[in-house]
Amino acid sequence: MAAVWMSVLVVLAAVSGAEIKDDRTPCSFVHASSSMVTMGSPVTATCVINDCPALAGHEVEWRLGDRVLPGVVGTTNGSSRAYRVLIPAFNHSRAILTCRLRDAPSQVIGGVVIRAGYPPPVPQNLSCQANLSTHESLTCKWEAILPDSHPPTNYTLHTHIRDLKSNHTYEVPPGVRSYTIPRFGFVFFSEMEIYVKAVNPLGETSSVRLALEPVSSAKFDPPKIVKLLAWGLGCLRLNWDFSQNQNWMKEFVILEVRLKTEASGLWNGQQILDQAKPTRPVHRCSLLHGTQYVAQVRVRYQQSPWSEWSGSQSAVTKETAPTGTLDTWMRVTGNLMRKQLKMLLFWKPSERFRANSRNVSYAVSALKTLSKRTKLCVTAGNHCTFLVPMKAKKVYVVALNAAGKSNPTPVRISHPKAGEAISDVSATSAGNGSLMVRWGNMTSPTLIDYIVEWRPLLKNDLSLVRFETARRNLSNLVITGSFEPYKPYRISVYPRFKDGVGPPRTVNAYSLQKAPDEVPDIRIKKNWQYHVELTWDEIPLAKRNGIIQSYKLFYWDETKRVHVATGDLEERKVVLTGLNSLSVYDAVLMVSTCGGSRNGSMVHFDIKERDPVTSMIIVVATCTCLCFLIIFMFKTCSSKHNRLKVRFWPDVPDPANSSIKSWTSESTQDFRASWDFEEPNPIYLSHLSFFEIPQKPNKKEDVKAWLNNAEDTSDLGESICGSPFIPGFSSSNSDSVPYSTVIFPAPHPHEYLRSESTQPLLESEEFQSPKCYQNVDASENAQCFFGPCGPEEEANAATIQWEDFPFLRALAMNDTQ
């Protein structure tokens, strides 16, 4: 556009310079109704051509930029010609209107630049504020949004003081939307009228007139609290004053007072006084007794802005005895001797508890009446450990201060109850330094409530233990407190029943997690062909910054192909298989938590290829051991040595073709292995016990004495009745009734019949020889083993020769066995 305008000027200058009459009249000129118009308004322009030979006989046309305008009207006035054009709505912020020769459009004979815009917008949001500090002034501000194509606008600030009937006008620098009136231009307590005027080539506008008293718009400096002290029971008295720059102020102002307790972070009970002066103290009542309060004040005049809050002052209200009850939680920590329980009791103020003092101590008593005899412990903390009798039902907690003591809070002693644990517990971050604890709900009819207990894992101080109580129908609870980010906390949930406390479920939790501070070094624990086992130490709890979610090992060889292996969380190890013994591997361990991951340092390892000599030795040793085992088994099976063979299969005599008289101690050792004495084989003959019979018991008195001997008969009963083949086997020898069990060969080979005698032996009968037990073979030469076979030989029973039975003689019982 600038190039077009320059060409127009050059053409106009050439035409004017080439054809000039004697009176210096130009050949042509262009006249517009206005070079600055309101956007969208009509514009008219006229191109006048005087009597010039160069332009004679040529028609003209109008162009707005590059667009040809229609509706050109030509008129002739003597030797001059005039061409008029009308633009109904000019919508360009800036455009060039030119007059050109129709048959030669590039020949411009005249032109004009036309701009369009709007009148200045009305200034908005006019406001003024007085400054009462060292440099007193009145600053006024307003808002005015101008479009990009808006013509330049000038602003002026006008003031009128009614009482003095004086007017002032202040020129505002271009581009500025505020102005500060000096001190001589206003009076603090006189009402004045203020407005802003905006002017540009298309018009002017004025803001809404603002009427104000300068002092009512002033923002005072923060006041100061002169004195704050206790006044009466539950009241404070406050004296205040203006700052040094406004101490000339003698009018009533609006004062606001706010208080908060020393332990609280929230302000409470703000009090506003409409008529306040520094000479009048302010009283605040209905406060907690014996509590330290922090106070602040601020002021304003009528509708002026509030000043900033003053500095803080603190004071303590007068003390009274504590009131209300405590929230408690008690559990058994040990069972000592002499029927005493070791208890751990925690407490905290309930919503109804008021300490009414800054220095409060607590006493635990076995009875409601607090005395030296009934005191279990006294402390200024929030917990106590003490001993109580096993049968104790309750203890009592009392709060004490200098003014008195509270009513006792009863605490029921709950014993541990097994088998009533909560199914599951989890804890997740709930934001803002809090944790959401969830657990499995229980349906026990004796359930009272749940106790959620937590403490920092990195500190063992019991004073840091906190607890909350949840109703029996709840399964989650949001716990808040001073949870430090990236620090572990142990959370336990106890179910509390009418008859005791169930075992807790415990979980570790973090309010906020991040990547661990360090990653452990990797060690090679085992290294064998194509395999390697890598291990690492556990990260210290203080440096984990969260719950470890995974261990991932990234390793690669010369090919740069990365492999990933997941490590065991509990054992902290990983076994890599399928490795190349000719390659060197690089590995990096990554440890991850819910808040991030961290990589450790890089390590290098390779696979130890097995030595060929070692491999050959292992193969030869294995083959040798296998050959020795085969030879040993073959020798054992073909061996004729009875002592060796009997270890694998016993040689059982045939009862039908042998007699007990022929069984010597040497022969029995062949089929009676050492381990068979504990568990007799059922295929043997009856397990018999024998005893020594006194030599020639001819006299009846000697027989009775022998029958009454407890030692002899007990040994016999234990030997016979203690046999594992007898039903009702017992090792006792006091009331045993001796029985005998004999196994007979069956008609078919390798089968035997068991006969269990119910005939009592040596209990109430007279001493006589045992009955004759014969072989099943009913031949005439049947042998008698234990005595005479017929009644005619009973008289000769005493003449038995025990030398004929060497095995029985070897098993004879005596006092030393």
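Biologist: Is Cys377 buried or exposed?

Modeller: In this predicted model, Cys377 is buried, because its relative accessible area is 13% and buried means under 20%.

Biologist: And which cysteine does Cys377 form a disulfide with?

Modeller: Cys384; the two sulfur atoms are 1.6 Å apart. Cys384 counts as buried too, at 6% relative accessibility.

Biologist: How many disulfides are there in the whole structure?

Modeller: A search of the whole structure finds four. One of them is the pair Cys377 and Cys384.

Biologist: What about Cys128, what does it pair with?

Modeller: Cys128 forms a disulfide with Cys140, and their sulfur atoms are 2.0 Å apart. The link is right-handed, with 110 degrees about the S-S bond. It connects distant parts of the chain: Cys128 sits in strand S10 (residues 124-131) and Cys140 in strand S11 (residues 137-143), twelve residues apart.

Biologist: Are those two buried or exposed?

Modeller: Cys128 counts as buried at 10% relative accessibility. Cys140 is buried as well, with a relative accessible area of 0%.

Biologist: While we are in S10, which residue there has a positive phi?

Modeller: Asn125. Its phi is about 55 degrees although Asn125 is not a glycine, and Asn125 lies in strand S10. For context, most residues other than glycine have a negative phi.

Biologist: Next disulfide. What does Cys235 join to?

Modeller: Cys285, with 2.1 Å from S to S. The torsion about that S-S bond is about 115 degrees, so this disulfide is right-handed.

Biologist: Where do Cys235 and Cys285 lie?

Modeller: Both are in loops. Cys235 is in the loop between strand S18 (224-230) and strand S19 (236-241), while Cys285 is in the loop between strand S22 (282-284) and strand S23 (292-300). The pair therefore ties together parts that are 50 residues apart in sequence.

Biologist: Buried or exposed, those two?

Modeller: Cys235 is buried, with a relative accessible area of 11%. Cys285 is partly exposed, with a relative accessible area of 40%.

Biologist: Which residue in the loop between S22 and S23 has a positive phi?

Modeller: Ser286, which is placed in that loop. Ser286 has a phi of about 60 degrees although it is not a glycine. Ser286 counts as exposed, at 77% relative accessibility.

Biologist: Back to cysteines. Why is there no bond between Cys625 and Cys627?

Modeller: Because the sulfur of Cys627, the closest cysteine sulfur to that of Cys625, is 9.3 Å away, and a disulfide needs the sulfur atoms within 2.5 Å. Cys625 counts as exposed at 55% relative accessibility. Cys594 is exposed too, with a relative accessible area of 57%.

Biologist: Changing topic: which residues touch the most other members of the largest nonpolar core?

Modeller: Leu138, Ile194, Leu238, Trp240 and Leu255, out of 44 residues in that core. Apart from it lies another core, of 26 residues, among them Ala32, Val43, Val85 and Val112. In soluble globular proteins, nonpolar side chains tend to be buried together.

Biologist: What is Leu255 in contact with?

Modeller: Leaving aside neighbours within four places in sequence, Leu255 is in contact with Trp240, Gln271, Ile272, Leu273, Ala276, Val282, Val297, Arg298 and Val299.

Biologist: How many cavities of 30 Å³ or more are there?

Modeller: One. About 30 Å³ of space lies in the largest cavity.

Biologist: What lines it?

Modeller: Val519, Pro520, Asp521, Ile522, Leu589, Gly600, Ser601 and Val603 line the largest cavity. By class, that lining has five nonpolar, two polar and one charged residues.

Biologist: And pockets? How much space lies in the second largest one?

Modeller: About 620 Å³. The second largest pocket is lined by 30 residues, and Trp454, Leu464, Val465, Arg466 and Ser482 lie nearest its centre.

Biologist: Which elements give two or more residues to that lining?

Modeller: Strand S26 (340-349), strand S35 (447-456), strand S36 (466-471) and strand S37 (476-479).

Biologist: What is the lining like by class?

Modeller: In the second largest pocket, the lining has 18 nonpolar, six polar and six charged residues.

How values were computed. Residues numbered from 1 in each chain as written. Predicted model: local features only at pLDDT ≥ 70, side-chain atom pairs only at ≥ 80, totals over all residues. Heavy atoms only, no water. Helix = DSSP H or I, 4+ residues; strand = E, 2+ residues; numbered from the N terminus. Buried < 20%, exposed > 50% of the residue type's maximum accessible area, 1.4 Å probe, protein only. 1 Å grid on protein atoms, 1.4 Å probe; cavity = no way out; pocket = protein on both sides within 12 Å on 5 of 7 lines; lining within 4 Å. Points joined across faces, edges and corners; volume = space filled by probe spheres on them. Nonpolar A, V, L, I, M, F, W, Y, C, P; charged D, E, K, R; others polar. Core = buried A, V, L, I, M, F, W, Y, C linked by side-chain atoms within 4.5 Å. Contact = heavy atoms within 4.5 Å.
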